[in-house]
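Reader: I would like to go through the disulfides and one strand, with the criteria spelled out.

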Amino acid sequence: MTDNPDPADPALERTTQTEPAAEAASDEDQPSTKKSALREGAILIGIAVVLYYVMLTFVARPYLIPSESMEPTLHGCNGCVGDRIMVDKPTYRFSSPRPGDVVVFKGPPNWNVGYKSIRSSNTGVRWLQNTLSFVGFVPPDENDLVKRVIATGGQTVQCRADTGLTVDGKRLDEPYLNATTMMADPVVYPCLGNEFGPVKVPDGRLWVMGDNRTHSADSRAHCTSTPADAQKGILCTGDPMTGTVPVSNVIGKARFIAWPPSRWGGVSSFDPQRGRNRARDDVAAPHGHPQVVGTAHVGVRAVPQRPRPGGRRR
């Protein structure tokens, strides 16, 4: 026999009154929980953006190789998939660029002739691009270039047909040059262009050249010449400042190729003055001296496409 609850029972009355109250409290907690989740998500996104900004500003930043001036070390050309390299920024906070380093730098004023801004002409879009550039999502609007360091402050660089490229009178060893890529044999054409120099590199500056010498607008293309030497076809005998790059303009050292996957690999800092890979010196160097270990921004394997005669120099 089933006992029927007494409608007048006080305990039953309290239970029936509590249930609606609990449901109402649960409904009130749901918006609070959603707001808390949104707040946490916003905080996490903010932290991620700050960390990304710190990394791009102080640690490393990816760069796209747009031209063939560093072939075959770095791959780039119009209409193809250029290498994307990671550039190490902290290295030169503790040391200076050295011969053989592949560096990314801001073009000095006289190197920026003909540079076209990558920003939109629309004010609103340009403001958005500058804002996104500040946090690293859009490239900076500056003429950033990549070359190899050949000589540093105080050294004298020159090239003659009978001696080839020399620094302080010693001929350089440059295994990264490729005759097929340059469409010229350095044994036959030692200067791979006009004879130049001598140029004594001012202190705090660098003489830089592309690995693809016949398709590279490097220090040789921006130097000045005395009229008499220019008539003889000898370049860069004028003001040494114009063809050199301030060390302060160097953004960082190319470390490795990050994209495409088929090009993954390090960039060797082969010292052409000493005829050896810089990494060996870094490993053997005494502790306490800031050293650069490894390479960057380039794989050393041959590239499938070759530069064309008269190709764009950069």
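Author: The link of Cys159 and Cys191 is left-handed, with -110 degrees about the S-S bond. Cys159 sits in strand β5 (residues 156-160) and Cys191 in the loop between α4 (179-182) and β8 (195-200), 32 residues apart, so the pair links distant parts of the chain; helices (H or I, at least four residues) and strands (E, at least two) are DSSP runs, numbered from the N terminus. This is a predicted model, where local features need pLDDT of at least 70, side-chain atom pairs count only at pLDDT 80 or more, and totals for chains, interfaces and linings use all residues. Residues are numbered from 1 along each chain as its sequence is written, and side-chain values use heavy atoms, with hydrogens and water left out.

Reader: What makes Cys159 and Cys191 a disulfide?

Author: A disulfide is a pair of cysteine sulfur atoms within 2.5 Å. The sulfur atoms of Cys159 and Cys191 are 2.2 Å apart, so the pair meets the definition.

Reader: How do you know that Cys223 and Cys236 are joined?

Author: Their S to S distance is 1.8 Å, so the rule for a disulfide is met here too. By this rule the count comes to two disulfides.

Reader: Why is strand β2 called largely enclosed?

Author: Because four of the five residues of β2 (residues 84-88) are buried. Buried means under 20% relative accessible area, exposed over 50%, partly exposed in between (1.4 Å probe, protein chains only).

Reader: What makes β2 and β12 a pair?

Author: Two strands pair if DSSP finds at least two bridges between them. Five bridges join β2 to β12 (residues 250-259), so the definition is satisfied. The two strands run antiparallel.
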